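Please look at the sequence and the model below, and then follow the explanation step by step, going back to the picture whenever a residue or an element is named.

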Amino acid sequence: MSVYEGRDRPGGRKTVTAGHRYSRRVLTALLLLAVGAGLLVAGSEAFAEHIVPASRTIGLSAFGLAALVAGAEPEEAWTASVAAWRDRPDLAIGDALGANLVIATVTLGLLA
């Protein structure tokens with residue numbers, strides 16, 4: 001704890017207390033949470049609006065196309081990128097191919 005905490009420092013500057021830093025972090029976190037939720041809602045609205053016309057164009061059911069598109073998980077991309085960064089391209093390719101193969105076979109099974 002500073003001898004100047006909460007009081008004016010020499011030169012007229014005020015110190016920033018730990019409580020003030022904490023509240024600023026909380027406000028920043030809440031702001032980022034709100035922005036993320038807004039982007040999630042906007043993205044899901046756009047996905048829902050465009051999935052039916054896209055499925056008609058491709059010739060699949062809306063459910064089948066939604067399962068294919070929504071199945072592309074960011075966790076798989078993260079795992080593949082970490083494996084590639086660690087000089088394990090075999091794991092990166094295996095992870096990507098395995099995840100997409102499972103998604104495709106499950107979707108085709110549900111559509112049959």
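Read from the N terminus, the elements of the protein chain follow the order α-α-α-α, and the count is accordingly 4 helices and 0 strands. The model is a predicted one, and the mean pLDDT of the protein chain is 77, with 79% of its residues at 70 or more. Among the elements, helix α1, which covers residues 18–58, has the highest mean pLDDT at 87, whereas helix α2, covering residues 62–70, has the lowest at 75.

Turning to the chain as a whole, 12% of its 112 residues count as buried, while the exposed surface of the protein chain comes to about 8800 Å², of which carbon and sulfur atoms supply 68%. If one takes the contacts with a separation of 6 or more, 26% of them are between residues 24 or more positions apart.

Which residues form a nonpolar patch on the surface? The patch includes Phe-47, Ile-58, Phe-63, Leu-68, Val-102 and Leu-111, and its residues together have about 970 Å² of accessible area. Helices α1, α2 and α4 (89–111) each contribute at least two residues to this nonpolar patch, and the largest share, 5 residues, is that of α4.

One member of the patch, Leu-68, may serve as an example, and this residue lies in helix α2. Why does Leu-68 count as partly exposed? Its relative accessibility is 35%, and because buried means under 20% and exposed means over 50%, Leu-68 at 35% falls in between and counts as partly exposed.

Conventions:
Residues numbered from 1 in each chain as written. Predicted model: local features only at pLDDT ≥ 70, side-chain atom pairs only at ≥ 80, totals over all residues. Heavy atoms only, no water. Buried < 20%, exposed > 50% of the residue type's maximum accessible area, 1.4 Å probe, protein only. Contact = heavy atoms within 4.5 Å. Areas by Shrake-Rupley, 256 points an atom, 1.4 Å probe, with all protein chains shown as cover. pLDDT = per-residue confidence, 0-100. Patch = residues over 30% accessible without salt bridge, like charges linked within 9 Å, V, L, I, M, F, W, Y side chains within 5 Å. Salt bridge = Lys/Arg side-chain N within 4 Å of Asp/Glu carboxyl O.
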